[in-house]
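Dear colleague,

I am passing on a structure that will be new to you, and below it you will find what came out of a first look. Please keep it open while you read.

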Amino acid sequence: MPNYIQSIRRVPKPGKIDTVLQNTIDSFKSLNGRGSVSITVSNPVDVDLVVQTDIPIGPMSDVEGFHDAFRSNPDAVKRFDDIASDCEKVNLHLFKVIESGDFKGRKYNLRNILIAKRGEIQNLIDLMREFRSMMEVAKPLLTVPVGGDVDMVRGVIAVASLEELEAVVNEITGERMKPYLDRISSLTVRAHREVNRVEYRSQG
């Protein structure tokens, strides 16, 4: 399983959604590596529609090598800047993988973002591992950010269809999982969920 995931979240300018999406896919293809490009299809009102690239990487030395290769490639930097010119903003996130997930052949990603109360992050991580072990329809990828919000835990569940996504949500919100949801609620100050459609995926 990957040790880290490098994510690039691009918020397209009005009228530039498809341009940003297609150029992001083309740029990602030039890497000849593993990962995916997705676009938001459902998000909270205070979270922007994004075109997101997720690149799984091995140990931290490979992450550094990935960054070095990008910075030393003028064409790659220019492609990045050209896409950014069609965006309202671009955010970079490096996530550490806590528990892996299965993304092969999946069409949608259900992203659950949890923000722990101060001092409760490790308890939330432990609880999310327990929650994950109890899930039957699909197992979420669990990650925490290397930089950014130190109280965040991200759970991403990949599904093959919206029907499977519905089954996952029904399982999460069902009576069997309610005791876990109550405990998660007691450890968090905020949680939100977004759904992304995978537009391109490569196994490398």
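**Nonpolar cores and a helix pair**

In this predicted model, the largest nonpolar core contains 26 residues, and those with the most contacts inside it are Leu124, Met128, Phe131, Ile157 and Val168. At least two residues of this core come from each of strand 5 (108–116), helix 4, strand 6 (141–145), strand 7 (152–159), helix 5 (162–172) and helix 6, and the largest share, 5 residues, is supplied by helix 4. If neighbours within four places in sequence are left aside, Met128 is in contact with Leu114, Leu142, Val153 and Ile184. Apart from this core lies another one, of 14 residues, which includes Val20, Phe28, Val37 and Ile57.

The other finding concerns helix 4 (residues 121–134) and helix 6 (residues 178–187), whose axes come within 10 Å and cross at roughly 160 degrees. Angles over 145 degrees count as roughly antiparallel, and helix 4 and helix 6 are therefore roughly antiparallel to each other. The crossing in which helix 4 passes helix 6 is left-handed. On the side of helix 4, the contact is made by Asn123, Leu124, Leu127, Met128, Glu130, Phe131 and Met134, while helix 6 contributes Tyr180, Leu181, Arg183, Ile184 and Leu187. Sorted by kind, the residues of this contact between helix 4 and helix 6 comprise 9 nonpolar, 1 polar and 2 charged.

With best regards

Definitions and conventions: Residues numbered from 1 in each chain as written. Predicted model: local features only at pLDDT ≥ 70, side-chain atom pairs only at ≥ 80, totals over all residues. Heavy atoms only, no water. Axes fitted to C-alpha atoms, helices over the stretch in contact; angles between N-to-C directions. Helix = DSSP H or I, 4+ residues; strand = E, 2+ residues; numbered from the N terminus. Parallel < 35°, antiparallel > 145°, perpendicular 65-115°, else oblique. Left-handed = near helix turned anticlockwise from the far one by under 90°. Contact = heavy atoms within 4.5 Å. Nonpolar A, V, L, I, M, F, W, Y, C, P; charged D, E, K, R; others polar. Core = buried A, V, L, I, M, F, W, Y, C linked by side-chain atoms within 4.5 Å. Buried < 20%, exposed > 50% of the residue type's maximum accessible area, 1.4 Å probe, protein only.
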